[in-house]
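Here are my notes on the cysteines and the empty spaces of this model. Please read them alongside the sequence and the coordinates.

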Amino acid sequence: MNYIVIDLEWNQGASKEQSEAKMPFEIIEIGAVKLNEELRMVSQFNRLIKPKKYKKIHYKIEEVTHLTINELNKNGQDFKTVIREFFKWCGAEYTFCTWGTMDLTELERNISFFGIEIPFPKPLLYYDLQRMYSILYRDGEEKIALDTAVDELKLSSKRPFHRAKDDAYYTARVMRAMDFEKVKDCYSVDYYRPPSNRAEEFSVQSCDGVEFVSMTYSTKEDIMADKVITGMECYHCKKKLRKKIHWFTLNSKQYYALAYCPHHGYLVGKIRMKKTDDDKNFVIKTLQFTDEAGVEEVRQRQKEMHKKRRQKFRKQMKKIESLEENGRIQIVDDRLMILDIEGQPKLFEDAKLYKRRVMNLRKREENPELYTWNVISRR
């Protein structure tokens, strides 16, 4: 089996309005290096691609790559021709290696946009050498620039950076120079094509935990109601675990939980909400064992969440109190209404909060006779 170390350069629209949602980045250069099992260089691949969607080079892209539209039109080939040549060059058995997580996603996105069948397996596992380098020489989270890794490993850097052919070459050299065997089990997963049903869902055990990728859902609420998603299991002994801290979120995009295995210790769960190009929801759930410092970090995140919720609630209560003082809250047909600036009543969206305020007042017996209606809130 060979390793295909790939790097891409791409162009984009001049503004968000001129961007194509299904292909925000159009590939203009593919560079790749083929290494054998002994990490020896076998061959190289490099092609320029004539743009079809974005026919003007974004000024930042030109500034970094020094590629011009004239050069691409003169020396570039169409994407379909290049990608077929690339697939043929890759051969039958190979594993992709990249510096970062974007290249394979954008490669698949371009393939789909131009109506070509994606030939890669599902799930698509690959080596993110940037992540592996960080696991070896940092904390596993820090994203190291390629030129920084080249300098730290004391590799010669006579070729320029920020061209696909050169960055693929440098990435391959970093792969050879770092302790690759030590992190060889640290696979990454490309998420461009998530599972479409429960049978396609999968888990991948890596060097730093287990990663589960779910099928797609219509809403986030459906996701968090699914016990397959929210359940936590020790990936060593397969024991289902009770949570010490239940799932919570600071921003509705990332959720955290903490469980304890009596045989293997504390397990941190993290759920990341993702969207497909057709606006469906899926999640990546990671489970990772941690020490006391990791446990304390989760607890501090939970405290921060409670603090933010209290601040938000106080802010909402002040708004409601102000509306009350100005006589803008009324009851119409047993429904809680708010008067707009023209004096017309409309259903109060914060009705649940208002009911909570009333209940708090009753509990404190500040005014036990205050309001007796049933609050009906709009969803």
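1. Cys 234 and Cys 237 are not bonded to each other in this predicted model. The sulfur of Cys 237 is the closest cysteine sulfur to that of Cys 234, but the distance is 3.5 Å, and a disulfide requires the two sulfur atoms to lie within 2.5 Å, so the pair is too far apart for a bond. Cys 234 is also buried, with a relative accessible area of 0%.

2. How many disulfides does a search of the whole structure find? The search returns 1. The bond is between Cys 186 and Cys 207, with an S to S distance of 1.5 Å. The pair links distant parts of the chain, its two cysteines being 21 residues apart. Cys 186 sits in the loop between helix H7 (164–177) and strand E6 (188–190), while Cys 207 sits in the loop between strand E7 (202–206) and strand E8 (209–213). The link is right-handed, with 115° about the S-S bond.

3. Are the two ends of this disulfide buried or exposed? Cys 186 has 0% relative accessibility and counts as buried. Cys 207, at 39%, counts as partly exposed, because that class covers values between 20% and 50%. As a further entry on cysteines, Cys 90 is buried, at 1% relative accessibility.

4. The structure holds 1 cavity of 30 Å³ or more. The volume of the largest cavity is about 40 Å³. Its lining consists of Glu 108, Pro 121, Lys 122, Pro 123, Leu 124, Asp 190, Tyr 192 and Arg 193. Sorted by class, that lining has 4 nonpolar and 4 charged residues, with no polar ones.

5. The second largest pocket contains about 560 Å³ of space. Its lining is made up of 21 residues, and by class these are 9 nonpolar, 5 polar and 7 charged.

6. Which residues of that lining lie nearest the centre of the second largest pocket? They are Asp 7, Leu 8, Glu 9, His 162 and Asp 167. As for secondary structure, at least two lining residues come from each of strand E1 (2–12), helix H1 (59–65), helix H4 (102–113) and helix H6 (146–152).

Conventions
Residues numbered from 1 in each chain as written. Predicted model: local features only at pLDDT ≥ 70, side-chain atom pairs only at ≥ 80, totals over all residues. Heavy atoms only, no water. 1 Å grid on protein atoms, 1.4 Å probe; cavity = no way out; pocket = protein on both sides within 12 Å on 5 of 7 lines; lining within 4 Å. Points joined across faces, edges and corners; volume = space filled by probe spheres on them. Helix = DSSP H or I, 4+ residues; strand = E, 2+ residues; numbered from the N terminus. Nonpolar A, V, L, I, M, F, W, Y, C, P; charged D, E, K, R; others polar. Buried < 20%, exposed > 50% of the residue type's maximum accessible area, 1.4 Å probe, protein only.
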